[in-house]
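Good morning, colleagues. Please look at the sequence and the structure together while I speak about charged pairs, internal spaces and one area of the surface.

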Amino acid sequence: MAINEQTTDNQTRVVMERKKRPLHAQIVSFGAVLLLSIVIIVILDLGLTAFTLFVGGAQAGLNLLTPVQLPIGGELPLGSVVLLITGIVCNGSFVLSVLLWVALKRKVFLLKSGRILQKLLVFFFCLIVFFVGGIGYGILFFFGAFLASPHFTVNWKKKQVQIYRLAITLPIIVWMILEVAITNGNVGFNLLPDSLMLTGASVFRDAGIGWVSFAALGFIIPLFLMLPRIFIELWKFRPNIESFWREFLYHPLGMVGLVIITSIVLMAVLAPWIAPYHWGDGSLAIEDLYQPPSAEHLLGTNHRGEDIFSRFIYGAQISLLVGLAASVTSVFLGTFIGLFSGYYGGVVDTILMRITDVFLCLPTLPLMLIFLVLFGQGLQNVIFVIALLGWTGTARMVRSEALSLRERPLTEAAHALGASDTYILFKHIMPNTFPLILANMILGVVNAILGEAGIAFLGFVDIHGQPSWGIILHWAWKNAALLGNKWWWFIPPGLFIMLTTLGFVFISHTADKVVNPRLRGRRG
């Protein structure tokens with residue numbers, strides 16, 4: 001808001017005028033909110049689809065590939081039916097949530113109704129643990145979520161509450177430990193029956209009612225009912241995005257990085273239209289192998305007669321996908337570990353930080369290779385192993401920031417007003433760690449892209465599937481492109497790996513300056 005003083009007939013009138021926002025800032029903020037919303041919906045849809053297949057196939061024991069005869073003739077795999085049903089449920093829940101939000105004017109998220117939705121989400125999460133993780137883990141999670149502090153313990157002393165919790169949880173934990181140690185040990189016979197370590201899905205599957213496991217999918221309804229709240233919070237974040245963008249424009253280095261990354265992302269998204277051939281199209285005819293650059297093949301052909309330029313364009317998709325997915329996963333994991341460790345301190349801090357120290361001491365590359373050899377070389381395994389070994393730096397930095405923030409007057413005031421630990425963590429402490437999280441996420445993309453390129457170059461990924469830049473380098477090395485002076489085979493992917501990492505480093509450096517006033521400096 002801007003103050004405008006107007007003088008009329010010896011009288012001064014103060015008029016509050018809304019400050020005009022630049023059009024480009026509004027476009028950027030709106031586009032960012034829209035893009036984030038689409039990403040959230042796509043991730044939820046993919047995650048729910050994968051979870052449905054996992055529960056139905058691996059847990060419920062249903063053969064999702066068994067064909068179903070259609071009334072009009074032909075057949076349809078049951079897996080497609082499951083996906084179709086899941087899509088209908090998800091989309092219907094989303095539409096219902098939007099209608100409820102409009103009809104109730106956001107009151108669905110307030111007070112009692114909002115708490116009910118949160119409780120439903122927690123309940124279905126416990127149900128998922130029960131069906132997929134194990135009966136014992138499900139009982140422990142359910143107790144921790146709903147019965148750890150019941151109403152009848154309000155007037156109890158702290159020691160009495162601790163005794164109550166131990167009396168319930170300790171026998172379950174001891175039974176589970178004994179079950180693992182004795183039942184699965186080399187004692188030659190079972191002293192304890194399999195019970196708490198079994199999954200709920202396996203129990204129902206053995207009883208012939210494996211379909212009961214699909215009850216865990218009920219979390220779709222409260223999750224999609226709460227989606228509008230997420231979109232509302234994103235929309236409220238627009239002024240912050242606009243402020244960030246206006247400051248970002250003053251840094252040429254950041255703009256150079258943004259142009260580089262935007263160009264590479266557009267190349268990846270538009271690959272089917274830019275590439276002259278599909279990445280797998282090739283010819284084993286002698287005259288089509290190892291061709292040099294020409295008008296027909298801008299970067300020549302490889303040992304299978306495939307167009308290297310087309311494979312290079314499609315390779316941007318895999319490299320960026322692995323980089324972004326692994327970075328988001330590792331930062332998500334590191335953020336929560338750092339927050340809980342720094343805020344709660346004590347035994348929680350000691351355990352989590354010792355686990356972090358163990359991961360810091362592990363040799364990263366050998367472990368990645370061993371993991372991929374043991375569990376498969378699929379793309380999801382590559383993302384998982386890079387994220388699993390890349391969260392420690394984020395956890396350390398977020399923990400140090402949380403240690404500082406929990407002693408601030410703002411946190412103490414929230415405690416005095418009766419705010420819960422969860423509220424303080426996610427409303428006061430986590431928003432203040434966003435600068436660190438943002439910088440680590442951008443740098444995490446760099447590490448993930450370089451990590452994937454190194455693994456692919458060594459051939460520990462699916463080298464016969466859609467190529468990444470690392471896979472192109474692998475085949476160039478395997479076919480002695482360097483010794484044969486076939487520069488068009490190894491220089492373009494290597495150059496774009498360097499440009500991508502350089503662009504993300506420029507953006508990370510500029511973003512750190514924008515969000516950190518101490519590094520921002522002064523402008524004339």
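The side chains of arginine 399 and aspartate 349 meet in a salt bridge, at 2.7 Å from N to O. This pair connects distant parts of the chain, for arginine 399 belongs to helix α16 (residues 392-405) and aspartate 349 to helix α13, 50 residues apart. Arginine 399 and aspartate 349 are both buried. I use salt bridge for a side-chain nitrogen of Lys or Arg within 4 Å of a carboxyl oxygen of Asp or Glu. Buried stands for under 20% relative accessible area, exposed for over 50%, and partly exposed for what lies in between, with a 1.4 Å probe and protein chains only. Helices are DSSP runs of H or I with at least four residues, numbered from the N terminus.

I should say at once that this is a predicted model, in which local features need pLDDT of at least 70 and side-chain atom pairs count only at pLDDT 80 or more, while totals for chains, interfaces and linings use all residues. Residues are numbered from 1 along each chain as its sequence is written, and side-chain values use heavy atoms, with hydrogens and water left out.

By the rule just given, there are seven salt bridges. As a general point, side chains of opposite charge can pair when their charged atoms come close. A second example joins arginine 354 and aspartate 357, at 2.8 Å from N to O. Both of these residues lie in helix α13, three residues apart, which is about one turn of the helix. Are they buried or exposed? Arginine 354 has a relative accessible area of 43% and is therefore partly exposed; aspartate 357, at 22%, also counts as partly exposed. Elsewhere, salt bridges with shared partners join Arg304, Glu306 and Arg311 into one network. Within that network, the closest N and O atoms of arginine 311 and glutamate 306 are 3.0 Å apart. Arginine 311 counts as buried because its relative accessibility is 4%, and glutamate 306 is buried as well, with 7%.

Arginine 311 brings us to the internal space. Which residues line the largest cavity? They are Asn302, Ile308, Arg311, Ile472, Trp475 and Trp489. Helices α12 (308-344) and α20 (469-478) each give two or more residues to this lining. The volume of the largest cavity is about 40 Å³. On a 1 Å grid over the protein atoms alone, a cavity is a set of points where a 1.4 Å probe fits but cannot get out, whereas a pocket is an open set with protein on both sides within 12 Å along at least five of seven lines; lining residues have an atom within 4 Å of a point. Grid points are joined across faces, edges and corners, and a volume is the space filled by probe spheres set on the points.

The second largest pocket holds about 430 Å³ of space. Its lining consists of Phe336, Phe340, Tyr344, Val347, Val348, Ile351, Thr422 and Phe426. Helices α12, α13 (346-361) and α18 (421-432) each supply at least two of these residues. Helix α13 thus appears once more, as the helix that holds arginine 354 and aspartate 357.

I close with helix α1. Isoleucine 38 is located in this helix, and its relative accessible area of 43% is the reason why isoleucine 38 counts as partly exposed.
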